[in-house]
Amino acid sequence: GTRWDGTQRYVGQKHQARSPGKKGQSLEFYLSWFLWVATLVLLVIFLGILWVKMMGPAHQEGSMENLKLLTVDCEKNTDIYCREKQEEITTTILYELYNYLAIQAGNFECGNPENLESKCIPFSEAKDYIENVTGYSIKKFEDALQWLLDSDQDSGIWLQGKKPSEPVTMVKQVVCLESARPRMGLGCRFHRALYTAVTNLFIFFWSLAFLWGILILLKYYWRKREEQEEAMYEMVQKIIAAVQNHYKEWEQNLERYPYVGILHIRDTLIPPQERRKMKPIWDRAKDFLASNESRIQTELHRVAGEDMLVWRWTQPSYLSDSDH
């Protein structure tokens with residue numbers, strides 16, 4: 001009855017110690033499932049980036065149509081002819097300016113054949129271009145820009161000052177003009193869309209590879225942990241059997257002492273060439289016996305003139321009384 005109780009308690013400890021392994025396997029399952037789903041989502045994201053990038057031209061054309069429909073009021077005259085004329089001048093200037101800035105920004109994005117320093121075209125260059133193309137005076141150009149600053153419509157033209165972060169409210173603060181929607185050829189748009197998609201794909205790929213690496217390391221760690229747990233419990237069983245057999249031999253007067261040295265048990269169970277590798281398992285087995293096995297008692301005895309830690313097999317008191 002006593003040995004059965006001790007064994008039952010020992011099995012319970014073993015079952016309790018293995019429960020983290022089941023949690024690890026559950027985590028491994030969900031992580032593997034997540035990585036497979038992420039791989040499929042990655043393909044959808046790649047195709048989505050290509051679609052969004054290739055849809056850019058339609059949005060640009062819509063902004064250009066907005067410029068054609070701009071309406072302004074005459075500054076000093078309110079008759080119909082004046083309003084129509086002023087509207088025509090302002091719309092023409094902004095329409096030509098939009099096209100010019102969009103083409104220049106597109107060239108800058110697609111290899112920069114004109115060696116532009118920036119997509120933001122200096123105010124003087126934009127002014128000279130509009131004056132040459134439309135023939136309107138600088139005053140008309142500045143009036144069109146001022147209307148653009150006062151308007152809350154999205155024209156696709158950015159007016160920037162000396163510091164891009166500072167807001168611009170007056171024409172004299174404008175340093176350069178930039179298109180918000182560069183006009184690029186089909187080949188350039190496809191190349192940029194493909195580059196963006198491949199770059200994002202590369203980032204996602206390495207992210208997934210990193211997660212897969214973590215999963216592989218976790219699986220290796222859990223497997224090694226289970227192997228070490230099994231090896232430790234196997235060592236515990238061998239130690240218990242060796243100490244118990246030594247005690248039985250002492251009862252039969254085959255051994256001189258009822259206890260046996262711990263190092264003697266180690267040297268008996270582990271070959272010399274494996275002792276360094278098995279040291280962690282041996283140490284864990286000793287700790288387990290010290291805290292979970294009541295049938296084995298650790299004592300300090302002097303053996304052959306030296307103090308030595310020994311193990312002694314103990315029996316419950318009621319069994320000892322029944323023997324007398």
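**Two disulfides in a predicted model**

Let me begin with one cysteine, Cys188, which is buried at a relative accessible area of 17%. What we are looking at is a predicted model, and I will keep to its disulfides, of which a search of the whole structure finds 2.

Cys188 forms a disulfide with Cys110, and the sulfur atoms of this pair lie 1.7 Å apart. The pair links distant parts of the chain, since Cys110 sits in the loop between α3 (80-109) and β1 (121-122) while Cys188 belongs to helix α6, residues 186-251, with the two positions 78 residues apart in sequence numbering. The angle about the S-S bond is -90°, and the link of Cys110 and Cys188 is accordingly described as left-handed. As for the partner of Cys188, Cys110 has a relative accessibility of 28% and therefore counts as partly exposed, because the buried class requires a value under 20%.

Let me turn to the other disulfide, which joins Cys120 to Cys176 with an S to S distance of 1.8 Å. Here Cys120 lies in the loop between α3 and β1, and Cys176 lies in strand β3, residues 176-179, so this pair ties together parts that are 56 residues apart in sequence. The angle about the S-S bond is 90° for Cys120 and Cys176, and this link is right-handed.

Are the cysteines of this second pair buried or exposed? Cys120 is buried, with a relative accessible area of 10%, and Cys176, at 11% relative accessibility, likewise counts as buried.

Note on methods:
Residues numbered from 1 in each chain as written. Predicted model: local features only at pLDDT ≥ 70, side-chain atom pairs only at ≥ 80, totals over all residues. Heavy atoms only, no water. Disulfide = S-S within 2.5 Å. Helix = DSSP H or I, 4+ residues; strand = E, 2+ residues; numbered from the N terminus. Buried < 20%, exposed > 50% of the residue type's maximum accessible area, 1.4 Å probe, protein only.
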